[in-house]
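Here is a friendly walk through one chain, written for someone who likes to know the cut-offs behind each statement. Please keep the model open beside the text as you read.

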Amino acid sequence: MIKFSLSLIYSLILFLGIKSFVGEPKTTSFDPPELTITPFAGPDVTPSPACLAVAATGEVFVGVDMIGSLGKDPGKGRILKLVDKDNDGKMDQHVEFAMVDNPRGIIVQGDKVFVLHTTFSKETGKATGMALVVFEDKDGDGKADGPAKPLIENLSNTKYIQERGTDHATNGIRMGIDGWIYISVGDFGFHNAVDRSGKKLTMLGGGIVRVRPDGTEMEIFIHGTRNVYDVAIDPYMNVFTRENTNDGGGWNVRFSHFIQSGEYGYPVLFQHFTDEILPALVDVGGGSGTGALFMSEPTWPEKYNNVPMMADWGRSMLYIHRVTPDGPTFTQKEEEFIKLPQITDLDVDGSGRLYLSAWDGAGYSGSPSKGYVVRAVPNNWTYKAFPNVEKASVKQLAELLKSASAVARLAASQELINRSNKQATAAALKIASDKKLPLYARVAGIYTYAQAAGVDGIPALLAFTKEDAMREFALKTLADRKNNLQNVPTEPFLEGLKDPSPRVQAVAAIGLGRLGHVETATALLQTKVPASFVEPAKDVEGPHATPNPAIVQPHLAVQALINLKAVDATIAAINGENSTLALWALRYMHDQKAVNALIDAYQKSNDEKFKTQILTTLARLYKKEDAYDASWWWGTRPDSHGPYYKAVLWEGSPAIEKFLVGESEKKGASGKQFFADLDARNRMDITAFATEEKVAATEEPKVDLEKIKNQKGQVGKSSIEDVLLAINKLEGDAVKGKALFTRQGCIACHSISKGEKMKGPFMGQIGSIMNREQIAESILKPSASISQGFATVMISAKGDKTYMGFITEETAAKVVMRNIAGEVFTIKASDILSRKEMDSSMMPAGLANSLSYDELASLVTFLSQQKK
């Protein structure tokens, strides 16, 4: 699989042997009655489909990935162009459009096809990174005219793509009506990615990056995600995703609204520093988010229209999240929509045809006989040809830009921009100005106008800031392109901070951070901090997946202050009436002036609460995150304590340590615990604050796995096929299954409750993403495919020591490993000489050999009921 492996089986060592067809694709087993879902292309044409995109005119481009997430060998990927000539819902023609490895995202705009994929060296055959490229087909033969033109190179971590494959790497791409290409970056991050202009960018961890279609102006949109695979973008440029974290006992799926410049906190802030992040809208439990689309097509039933549709590979389900505005953000309600085995991606054309791709058990390294594409249309749908926008008049394009179809609006917008003439620009401005039109049309108009007019459009955009309905979008477009900011005044943004609309307030704060005028920091520092700005209690996980609209504005103000590098203004606000925001912002300003000012303010104050806030700020500043050079990664199960992962001292650290130790000594025994807790929370490791760590002894069950697997019962004497047939007919007893979970040694490597210490794959949610047959098959064939994060790892260390087991915890300084016998080892990172993931599962085959059919059915039933 692709990203799948990543979050997916946060529950299992094995894989799911989803039974699939060979040849003709099957339709889904959960078909909404309002839709007609039909096979479009089978594995004979589209095996292992990792991604897809549809041209407005209906041609389907599928990324076939025969490397998958764990493969290492190049030359196995391609982009196929599929055509349904008679519009009957089945592919009539397919053409190999281009050869690329590990395709992860596709966008089709006219004769240009943008592709995100892994790159390999022709000389060594090894991966060299990932790239966003663009192919062109100007002669219309269905094939790329020649080699791709790179737009961004080095867009992932080469070291870990080589070692692990394209897992946790960079994933889907989607274009918004603003003309930016939004790129979903997994938490491999990247180092020195370079765009067409030569601009370089480094990002530690995951997030969203965006770039212009010509490959310039690359920038970070949001940061702090684990392994986001794709985004859904609505007509008003709200960005949604379904991604995951390693919180709790498994990899839980979180649905989020991404707000530009926001910090979402994975992995170092989202659990214990939740006061500082923008939270997700909901945690829906185990799964693995993949492709995403905001459906906004007039041919679709109202029930299923104007909603983000989010694929979940782990749950084999396409979900709808019904979002409701909530201040500057949203609340949501999740609904099951279309069931599809290991769904990977989806897209819609200008006629309203929705196409979905299914991985369908193609494994971690792709399969030539698994995977397919289906088409879904409303029952009353009839084909209506989408016009060729390149041949359309400006008047016709203007009508498309006003259309209720998001696909039509984007196609028309890009064509008007490409024409780059006064007539096209004027048409876009006219639509933006027409108050009789629906807001979505006017928004399409203003974004199209802003892109076409460039700096010449600033006066007209400023005029829109006077209109309530358009103010939000006018401010967005004014600050959208950093290359065009030289003549943009700050006044509309300063006024926006006081606007009654929280959405306008949010856009104003973001815009001020982008404009770069440090004198505006004073206004940003007046942003009020709500009562919900409270750090979690000691060792308590904070609310990182609960909507909190009140925190959005101060969060964005802090991010703007950081972008402005407004150290002096923030220092000046320490003693003001809104000191809380100033101290919040100073946590990220590693500047000696800030340290000196904080110490001075502490010494002059008699307010104990204020002084405690200063101590908290100084403790946070004691260390900072090390510069990222892509030589390391935090793994699939990182230490998420925070506030830094690979913390280092800096020039301000000695002064902070001296001051904190001095204050501790003044307070004596009464303050000892406070400073010890401050040290532990911020991982300062100051010797004076160290306390003896008491670890409670735990009695682990001793399990003789060899003895268990060598016993031959009914299961051990039968073929796997016969066992699965038998299990399918038996109900099983969950109570007996629970006892067998311990007796058969499962407990040695698996935990059931989130309260237990993590061992190997967490089983407390396995029933939410696997059915009984899949669970049974994974018990019988543990090495069929191994879940990411639960591979058996062999480590060679100094002192001629060798360790083999699961990685249960990893920090920049150590690796904690658990072997098959349940023994736990802590290995210093500096002592590790080599580290290799094994091809076989640590779980021995045959652990169910001694069981009867009824007993195995009971164990499977018990596991299938684990849906916490």
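The report below covers confidence, then two sheets, then three helix pairs.

## Ground rules and confidence

This is a predicted model, in which local features need a pLDDT of at least 70 and side-chain atom pairs count only at pLDDT 80 or more, while totals for chains, interfaces and linings use all residues. Residues are numbered from 1 along each chain as its sequence is written, and side-chain values use heavy atoms, with hydrogens and water left out.

The predictor's confidence in each residue is its pLDDT, on a scale from 0 to 100. The protein chain averages 89 on that scale, and 89% of the residues score at least 70. Residues 1–29 have a pLDDT below 50. Even there, the model shows 164 contacts beyond near neighbours in sequence, where contact means heavy atoms within 4.5 Å.

## The four-stranded sheet

Helices (H or I, at least four residues) and strands (E, at least two) are DSSP runs, numbered from the N terminus. Two strands pair if DSSP finds at least two bridges between them. As general background, strands of a sheet pair through backbone hydrogen bonds, either parallel or antiparallel.

One open sheet has four strands in the order E2-E3-E4-E5, and its pairing is antiparallel. Its edge strands are E2 (49–54) and E5 (93–98), each of which pairs on one side only. From one strand to the next, the twist averages 25°. Angles here run from 0 to 180 degrees between N-to-C directions, and axes are lines fitted to C-alpha atoms, for helices over the stretch in contact.

Inside this sheet, strand E3 (residues 60–65) and strand E4 (residues 77–83) run antiparallel and are joined by six bridges. If you want a place to zoom in, valine 64 has arginine 78 of E4 as its bridge partner.

## The six-stranded sheet

Another open sheet is formed by six strands in the order E6-E7-E8-E9-E12-E13, again with antiparallel pairing. Strand E6 (101–109) and E13 stand at the edges with a single partner strand each, so one side of each is left without a neighbour in the sheet. The twist in this sheet averages 25° from one strand to the next.

Starting from the E6 edge, six bridges link E6 to strand E7 (residues 112–120), and the two run antiparallel. Valine 108 has valine 113 in E7 as its bridge partner.

Further along the order, strand E9 (residues 149–153) is joined by two bridges to strand E12 (residues 190–195), and these run antiparallel. Glutamate 153 is bridged to valine 194 in E12. Valine 194 also has a bridge partner in E13, namely lysine 200. E12 and strand E13 (residues 200–203) pair in the antiparallel sense over three bridges. Their hairpin has four residues between the strands, and glycine 198 in it takes a positive phi near 95°.

## Three helix pairs

The table lists how the helices cross.

| Helix pair | Axis distance | Crossing angle |
|---|---|---|
| H3 (residues 394–401) and H5 (residues 422–433) | within 10 Å | roughly 30° |
| H16 (residues 608–621) and H17 (residues 653–667) | within 10 Å | roughly 140° |
| H14 (residues 579–586) and H16 | 9 Å | about 15° |

Angles under 35 degrees count as roughly parallel, over 145 as roughly antiparallel, 65 to 115 as roughly perpendicular and the rest as oblique. A crossing is left-handed if the near helix is turned anticlockwise from the far one by less than a right angle, and right-handed if clockwise. For residue classes, Ala, Val, Leu, Ile, Met, Phe, Trp, Tyr, Cys and Pro count as nonpolar, Asp, Glu, Lys and Arg as charged, and the others, Gly among them, as polar.

H3 and H5 are therefore roughly parallel to each other, and their crossing is right-handed. H3 brings Val394, Ala398 and Leu401 to the contact, and H5 brings Gln423, Ala424, Ala427, Ala428 and Ile431. These residues divide into seven nonpolar, one polar and no charged.

H16 and H17 are oblique to each other, with H16 passing H17 in a left-handed crossing. Here Glu608, Leu615, Leu618, Ala619 and Leu621 of H16 touch Ile656, Phe659, Leu660 and Lys667 of H17. This contact holds seven nonpolar, no polar and two charged residues.

H14 is roughly parallel to H16 and passes H16 in a right-handed crossing. Ser579, Thr580, Leu583 and Leu586 in H14 meet Phe610, Gln613, Ile614, Thr617 and Leu621 in H16. By class, the contact of H14 with H16 has five nonpolar, four polar and no charged residues.
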